[in-house]
Structure formats: structure tokens, C-alpha cells
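Student: Could you take me through one part of this model up close? I'd like to see how a single helix sits among its surroundings.

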Amino acid sequence: MKFIRRTTELSKLNKLITKNELNTALIFERRRIGKNELVKHSLKDKKTTNLYYECKEVSKMFYQISCQKNSIYQD
């Protein structure tokens, strides 16, 4: 799969994955833009131990906080 305008995200994930230390990455974005494929593409052919967790649902409070945060940055 070809990723359009995802070179920055791929580079950041690859740096985290290849570091010889414990790291955590949270990818939070609106629906249907390819977050899962981005992570799967980053983990493909890596010889490291990785844990990938996909959250299917968020609480109403978390959604409200993220909407408030996004509106702050848009002003």
C-alpha cells in the first residue's frame, strides 16, 4: 500500500521502533484515514518485539476533551 503524505509519520515511528529502549506511541486521529495501516506498515519486516493495541471505542469524556483541545488549536 502506498502512503501519501505519510513520510514524516513513518519516519517517527521507525525511529521509535528501532531504538534499543522501551517506547510508547499513541496515534489519535479522526476515523478512516489509515492509522492502522500506517502502524502495520511501520512494523512490517522489523526484527524487534512489538505490541500493537487497537482501541475501538473511547469514552464520551475523552471525546469531549479531544474536541475542546482541537478547537483551541484551530483558533
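Tutor: Just after α2, D45 takes a positive phi of about 65°, in a model that is predicted, where local features need pLDDT of at least 70, side-chain atom pairs count only at pLDDT 80 or more, and totals for chains, interfaces and linings use all residues. Residues are numbered from 1 along each chain as its sequence is written, and side-chain values use heavy atoms, with hydrogens and water left out. Helices here are DSSP runs of H or I of at least four residues, strands are runs of E of at least two, and both are numbered from the N terminus.

D45 belongs to the loop between α2 and α3 (60-74), and that positive phi turns up in a residue other than glycine. D45 counts as exposed because its relative accessible area is 70%; the cut-offs are over 50% for exposed, under 20% for buried and partly exposed in between, with a 1.4 Å probe and protein chains only.

On the other side of α2, the loop between α1 and α2 holds R32. R32 is also a non-glycine residue with a positive phi, near 65°. With 76% relative accessibility, R32 is exposed too.

Now the helix itself. α2 covers residues 35-43, and its buried residues are K35, L38, V39 and S42. Looking down the axis of α2, these residues fall within an arc of 95°, so they line one face of the helix. That arc is taken from the directions from the helix axis to the C-beta atoms. Part of what covers the buried residues of α2 is α1 (7-18).

R6 is a good place to see the packing. R6 sits in the segment before α1, and it counts as buried because its relative accessible area is 14%. Setting aside neighbours within four places in sequence, R6 is in contact (heavy atoms within 4.5 Å) with I33, G34, K35 and L38. For R6 and L38, the C-alpha to C-alpha distance is 8.0 Å, across 32 residues of sequence.

R6 and L38 also bring us to the second largest pocket, which has about 270 Å³ of space. Its lining has 15 residues, and those closest to the centre are R6, E9, L26, I27 and L38. The elements giving two or more residues to that lining are α1 and α2, with the largest share, five residues, from α1. By class the lining has eight nonpolar, one polar and six charged residues. Nonpolar takes in Ala, Val, Leu, Ile, Met, Phe, Trp, Tyr, Cys and Pro, charged takes in Asp, Glu, Lys and Arg, and the others, Gly among them, are polar. A pocket is an open set of points on a 1 Å grid over the protein atoms alone, where a 1.4 Å probe fits and protein lies on both sides within 12 Å along at least five of seven lines; lining residues have an atom within 4 Å of a point. The volume is the space filled by probe spheres set on the points, which are joined across faces, edges and corners.

Stepping back, the protein has three helices and zero strands, in the order α-α-α from the N terminus. Of its 75 residues, 13% are buried. Among contacts between residues at least 6 apart in sequence, 60% join residues at least 24 apart.
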